[in-house]
Amino acid sequence: MTATPASPDLKARHRTMWGLGNYARVADELIPELGRVLVEACEIGPGDRVLDIAAGTGNAAIPAALAGADVTASDLTPELLEIGQSRVDAGAGSITWRVADAEALPFDDAAYDVVMSCVGIMFAPFHEKSAAELVRVVRPGGRIGLISWTPEGFIGQMFATMKPFMAPPPEGAQPPPRWGDESHVRGLLGDSVSDVRAEKRTVAIDSFETGAEFRDFFKACYGPTIVAYRGIADDESRTGELDAALAELGDRYLADGRMDWEYLLLTAVRS
């Protein structure tokens with residue numbers, strides 16, 4: 001398939017993919033701390049105008065709102081925003097929720113003091129476009145904060161494992177974990193930012209006792225994994241190969257009932 005950044009078909013596929021399964025469980029049960037880490041790294045506080053790009057169910061947007069910021073949470077998939085909205089209605093902070101494409105944000109230039117994304121913007125397929133939009137909407141002197149899975153870390157390796165079983169990406173698209181490569185992100189942001197600080201960290205995952213248990217959780221809950229399996233559903237042999245490959249990956253990273261998933265935490269100041 002070939003597509004341009006504006007392809008409605010491509011956007012529809014991505015919107016559908018992230019609405020599959022139960023991403024809220026992934027965010028809530030496995031990586032809830034990442035949103036708080038990002039909010040702290042961005043030094044978000046009362047009065048800050050904050051945009052969370054590809055906010056999902058509000059993993060970072062809600063902690064930012066609880067810190068006193070005026071938060072806009074944007075995402076391509078309305079189903080995820082609806083889950084986040086229900087939590088805010090239950091008392092988890094004040095947030096404006098907007099359906100928005102990271103590659104064509106419906107916000108004014110220099111509208112925000114902080115623009116952030118927690119394992120979100122990395123999944124927009126055309127990195128240069130989404131990076132340009134990210135920079136455009138933050139004011140000069142404003143702050144940018146990103147958490148992205150690294151290529152060599154567990155989630156990066158999971159995507160590498162699934163790649164042979166998935167349809168080819170659209171022409172010009174780049175792999176999501178490249179946002180976890182510091183040099184790649186520096187190249188995307190270029191001279192538009194200064195004071196770039198990057199650090200690789202890990203989040204401890206103790207929810208799985210075996211690689212097969214990890215695999216089955218992601219088969220049920222994680223949109224990209226669900227899509228990978230749907231694409232080979234009529235091929236029992238290929239399905240078995242992917243089953244074995246993901247279970248082996250999980251077992252390889254498990255030690256004493258724990259995995260360490262590596263991510264890149266990167267902050268910068270808009271020039």
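## Sheet, core and helices of a predicted model

Ala198 stands opposite Leu266, a residue of strand S7. The model in which this pairing appears is a predicted one. The strand that carries Leu266, S7, pairs with S6 in the antiparallel sense over 11 bridges, and S7 is also the element that gives the most to the largest nonpolar core, with seven residues. The points below begin with the sheet, move to the core and to the helices H7 and H11, and end with helix H1 and a residue of helix H6.

**The sheet**

- Seven strands make up an open sheet with mixed pairing, and their order across the sheet is S3-S2-S1-S4-S5-S7-S6.
- The edges are taken by strand S3, residues 95-99, and strand S6, residues 193-205; each has a single partner strand, so one side of each is left without a neighbour in the sheet.
- From one strand to the next, the twist averages 15°.
- As general background, the strands of a sheet pair through backbone hydrogen bonds, and the pairing may be either parallel or antiparallel.

**Strand S7 and its partners**

- Strand S7, residues 259-270, runs antiparallel to strand S5, residues 138-149, and seven bridges join the two.
- Within the pairing of S5 with S7, Arg143 stands opposite Val269, while Ile144 stands opposite Ala268 of S7.
- On the pairing with S6, which is antiparallel and extends over 11 bridges, the Ala198 and Leu266 positions face one another.
- Nine of the 12 residues of S7 are buried, and S7 is therefore largely enclosed by the rest of the structure.

**The largest nonpolar core**

- The largest nonpolar core holds 86 residues, and among them Ile31, Trp149, Met158 and Trp261 touch the most other members.
- Strand S7 contributes seven residues to this core, and no other element is credited with giving the most.
- Met158, when its neighbours within four places in sequence are left aside, is in contact with Phe214, Phe218, Tyr222, Thr225, Leu246 and Leu249.

**Helix H7**

- Helix H7 spans residues 154-162, and seven of its nine residues are buried, so H7 is largely enclosed by the rest of the structure.
- The buried residues of H7 are Phe154, Ile155, Gly156, Met158, Phe159, Thr161 and Met162.
- The elements that cover these buried residues include S5, H9, H10, H11 and S7.

**Helix H11 and Leu246**

- Helix H11 has 18 residues, 236-253, which at 1.5 Å a residue should span 26 Å; the C-alpha atoms at its ends are 26 Å apart, and the two values agree.
- Buried positions in H11 are Thr239, Leu242, Asp243, Leu246, Ala247, Leu249 and Gly250.
- Viewed down the axis of H11, these buried residues fall within an arc of 155°, so they line one face of the helix.
- In general, an α-helix has 3.6 residues a turn, so residues three or four places apart point the same way.
- The buried residues of H11 pack against four elements, namely helix H7, helix H9 (211-221), helix H10 (223-231) and strand S7.
- Leu246, which has its place in H11, counts as buried because its relative accessibility is 1%.
- Apart from neighbours within four places in sequence, Leu246 is in contact with Met158, Thr161, Met162, Gly211, Phe214, Arg215, Thr225 and Tyr229.
- Leu246 and Asp216 are 30 residues apart along the chain, and their C-alpha atoms are separated by 9.2 Å.

**Helix H1**

- Helix H1 consists of 12 residues, 8-19, and reaches 17 Å from its first C-alpha to its last, which is close to the 16 Å expected at 1.5 Å a residue.
- Leu10, Lys11, His14, Met17 and Trp18 are buried in H1, and seen down the helix axis they fall within an arc of 125°, so they line one face of the helix.
- These buried residues pack against helix H2 (23-30), helix H5 (78-89) and helix H10.
- After H1 comes Gly21, which has a positive phi near 70°.

**Lys129 in helix H6**

- Lys129 lies in helix H6, residues 127-136, and is partly exposed, with a relative accessible area of 39%.
- Lys129 and Ala104 are 25 residues apart in sequence, and their C-alpha atoms are 7.9 Å apart in space.

Definitions and conventions
Residues numbered from 1 in each chain as written. Predicted model: local features only at pLDDT ≥ 70, side-chain atom pairs only at ≥ 80, totals over all residues. Heavy atoms only, no water. Pairing = 2+ DSSP bridges. Axes fitted to C-alpha atoms, helices over the stretch in contact; angles between N-to-C directions. Core = buried A, V, L, I, M, F, W, Y, C linked by side-chain atoms within 4.5 Å. Buried < 20%, exposed > 50% of the residue type's maximum accessible area, 1.4 Å probe, protein only. Contact = heavy atoms within 4.5 Å. Expected span 1.5 Å × (residues − 1). Arc of directions from axis to C-beta.
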